[in-house]
Each structure stands twice: as C-alpha cells, then as structure tokens.
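Thanks for coming. I will walk through one model, strand by strand, and finish with two single residues.

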Amino acid sequence: MINILFAARPERWDTYEAPLRRALEAAGISAHLAQDIAPDKVDYIVYAPNSDLQDFTPYTRAKAVLNLWAGVEQITGNKTLKIPLARMVDHGLTTGMAEWVTGHVMRYHLGMDRHIVNPEHAWTPHTPPLAAEREVVILGLGALGTACADMLLALGFSVAGWSRSPKDVAGVTCFHGADGLSQALARAEIAVTLLPDTPATTNILNAEALAQMPRGAFIINPGRGPLIDDAALIEALDAGQIAHATLDVFRSEPLPQDSPYWSHPQVTVTPHIAAETRASTASEVIVENIRRGEAGEPLLNLVDRDLGY
Ligand code: NDP
Ligand code: OXD
C-alpha cells in the first residue's frame, strides 16, 4: 500500500477524490489517498502550487511531486523541493486551450467585432482574407502550442511557431532561438503566446518585439502575464502598432480593478479561463506517473528545474 497526499486547495479535493480513486483502481494500485498524511509516510504528492504545502523538507520518503497545473513557475524555485517534479499535460486541458485559442483567432481573423459592436448601425461590407492568407504565429511549441497549431492548420491558417530548441512540426514553419524570434514576429499578424513563465521568457513581448510585428497585429496571451511588458503593450495599442489584445493571464490575478487593461478599448480581459485541467483525464495522467514510479519507469512530463519548465 502506498500513501498519496493530495495537497491542493480543499475544494479541489471534492473534484479530484473520486476520479483519482477510480484511476488508481483501474490501474490496480492499492493506495491510501488523503489530504492529511504524516509527512514521513508520504510516497507521492499530488500538488497544486497554491496549496499550503510549501516546505517539502519533512517529506523524506516521497518519490515525486505530481503537479495538477501545467504551469510550474510557482514551484520550480522552491529550494526545499529535491525530488522529481512532473507537470500536467492533460488531454482535456490541451483540447480546451486549442478551442479557446482558435475561437479568439477566428474573432480577429473574421473581424467579428466590426458587426457585433455597431452602435452607429454602419453598413460596412468587409471581406476577410481566407485563413490561408492569414499568418498566425505561436510563441511556444510545447504540448499546448502544437495542439493550437494543429487546430489552426486544420482550418487552413498559415501557422508558424517559435521555441527554444529546433522543432519539426508538420505543416508549421518553425523558428527557434533569438534570431528566430525576430523572424517569427515579423510575420505575426496574430501572435499567440504559449510560453512558460521563466527568467528567459519574462517580457519576451517588450517594446522592441512589439515593434517587429506587422502594424495592426493582434495578440492573444493565454500563457502567463509576465510574458508581456504591460507598459510597452499599452503604448503599442495606443499607437496602433497593435490593434487589439486578448489577455487571459496577468502578473497579478485577479487583475486589479485599477489595471488600465480593464478599460482599454483595444483589450479583452478574460479571467484565466483559457483552459482548465479536467479531473477525469488529469487523474489518469497522475496515476500513470505513480504506476511508472512504482515500476521504476521514467516519469512523464518531468520539469527541468534549471530551465524552469
Ligand atoms: P510546454 O513546456 O509543453 O511548452 C513550452 C514551450 O515553450 C516549448 O515549446 C518550449 O521550447 C518553449 N520555450 C520555453 N522557454 C523558451 C524560451 N526561452 N525561448 C523560446 N521558447 C521557449 O508547456 P505547455 O505547452 O504545456 O504550456 C505552456 C504554458 O501555458 C504553461 O507554462 C502555462 O504558463 C500556460 N497555461 C495557461 C493556461 C490558462 O488557462 N491560461 C492553462 C495551462 C497552461 P522547447 O520546445 O524548445 O522546450
Ligand atoms: C495551468 C493553468 O498552469 O491553469 O494549468 O494556468
């Protein structure tokens, strides 16, 4: 019998307890799963970074921390964490993100606002280009970025992407590294930021980067708030360099009431809802890693603590 600690906000227990138990049973793993277990008896920690557990020192026999979130920026710097950390890659989360991104790309591509918000009742016929004539660039070609690329490709968009290491993604024009960023930005009529929040990605969309995009470009950020230099974006919006931005994530969440984003006419704020981990599929991912841990197999989705993602 192994001991699995569930360390997340108490309300998440209601969502996850049954699916985790189901997945453990399906995998034939006999386990004690609870929110409260003596630290020196815990084998695995199912974890959310906003849990009260921040000091891992007493968890002397734990084999891994299994994160319920895709983003790990709140835990990678934790010096008390010495055991492997796996992040969430969940089919439900991935599909949700691809749908959310595709929806917002379509809004910009078709110019939907023009007719949805039309207080003057203006009759302004406007034919958008076909998707094949629209350049969408995804900054971050990981689990989520590639799923978004696939969905956009299926609709016919011209899709490019940018990552840290070289990539070969079918149908996607791939760029990487510092030079690659300028090349990617230069074609980004619509840019989607799906990078992790690390020291290397902070303010990746700064004034210089925004100036490299085609005039009147659109930005969709479901990645993390610090990817964008907020002051530079507002300046670029005011100057017309960026036509509109849809922002789902922010340096401070909930977005403070006095943030200029709330009232900016060229900004849509969504409350960190781009995608959510689905308990049923995520529980299977967590349990598969526990199975692997017990079988001595490598864990899936391990975080590189030096890179921060
Ligand atoms: P992955 O780790 O799978 O992918 C990250 C991508 O970013 C990789 O392609 C990686 O490059 C690239 N990258 C990382 N650092 C750099 C860098 N310095 N320069 C260039 N490229 C870089 O993450 P996911 O796709 O699963 O998730 C991405 C982010 O989405 C999460 O970290 C999280 O912040 C956010 N998220 C937001 C949600 C929401 O609801 N708003 C929900 C879930 C996640 P390489 O491939 O070379 O390693
Ligand atoms: C995540 C998120 O990281 O919801 O999973 O943002």
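I need one convention before I start. A crossover is called right-handed if, with the strands pointing away from the viewer, the path from the first strand over the helix to the second runs clockwise. By that convention, strand 6, helix 4 (residues 143–154) and strand 7 form a right-handed β-α-β unit. Please keep in mind that this is a predicted model.

Let me stay with strand 6. It covers residues 135–139, and four of its five residues are buried, so the rest of the structure largely encloses it. Strand 6 runs parallel to strand 7 (residues 158–163), and five bridges join the two. To fix the register, take Val137: its bridge partner in strand 7 is Ala160. Strand 6 also pairs with strand 9, again in the parallel sense, over four bridges. There, Leu139 stands opposite Thr193 of strand 9.

From strand 9 we can move on to strand 10. These two pair in the parallel sense over three bridges, and Ile190 has Phe218 of strand 10 as its bridge partner. Strand 9, helix 6 and strand 10 make up a right-handed β-α-β unit. The chain then crosses from strand 10 through helix 7 (residues 230–238) to strand 11, and this β-α-β crossover is right-handed too. Strand 10 and strand 11 (residues 242–247) run parallel, joined by five bridges, with Ile219 opposite Ala245.

How many of the five residues of strand 10 are buried? Five of the five, residues 217–221, so strand 10 is largely enclosed by the rest of the structure. In a regular strand, side chains alternate between the two faces of the sheet. In strand 10 both faces are covered: Ala217, Ile219 and Asn221 are buried on one side, and Phe218 and Ile220 are buried on the other.

Now the sheet that includes the start of the chain. It is an open sheet of five strands in the order 2-1-3-4-5, with parallel pairing. Strand 2 (31–34) and strand 5 (85–86) are at the edges with a single partner strand each, so one side of each has no neighbour in the sheet. Strand 1 (residues 2–7) runs parallel to strand 2, with four bridges between them, and Ile2 stands opposite Ala31. Helix 1 (residues 10–26) packs on this sheet and touches strand 1 and strand 2; its direction makes about 170 degrees with that of strand 2.

Two residues to finish. Leu181 sits in helix 5 (residues 177–186). Its relative accessibility is 13%, and it counts as buried because the cut-off is under 20%. Leaving out residues up to four places away in sequence, Leu181 touches Leu139, Trp162 and Ile204. The C-alpha atoms of Leu181 and Thr202 are 14 Å apart, with the two residues 21 apart along the chain.

The other is Asp197, in the loop between strand 9 (190–193) and helix 6 (207–212). Which side chain of opposite charge is nearest to Asp197, and how far away is it? It is Arg224, at 5.8 Å. A salt bridge would need a side-chain nitrogen within 4 Å of a carboxyl oxygen, and Asp197 has no salt bridge, although it is buried. With the same sequence neighbours left out, Asp197 touches Glu73, Thr202, Arg224 and Pro226. So Arg224 appears both as a contact of Asp197 and as its nearest side chain of opposite charge, without a salt bridge for Asp197.

Key
Residues are numbered from 1 along each chain as its sequence is written. Chains are lettered from A and ligands numbered from 1 in the order in which they are written. This is a predicted model: local features need pLDDT of at least 70, side-chain atom pairs count only at pLDDT 80 or more; totals for chains, interfaces and linings use all residues. Side-chain values use heavy atoms; hydrogens and water are left out. Buried means under 20% relative accessible area, exposed over 50%, partly exposed in between (1.4 Å probe, protein chains only). Lys and Arg count as positive and Asp and Glu as negative; His and the chain ends are not counted. Contact means heavy atoms within 4.5 Å. Two strands pair if DSSP finds at least two bridges between them. Axes are lines fitted to C-alpha atoms, for helices over the stretch in contact, and angles run from 0 to 180 degrees between N-to-C directions.
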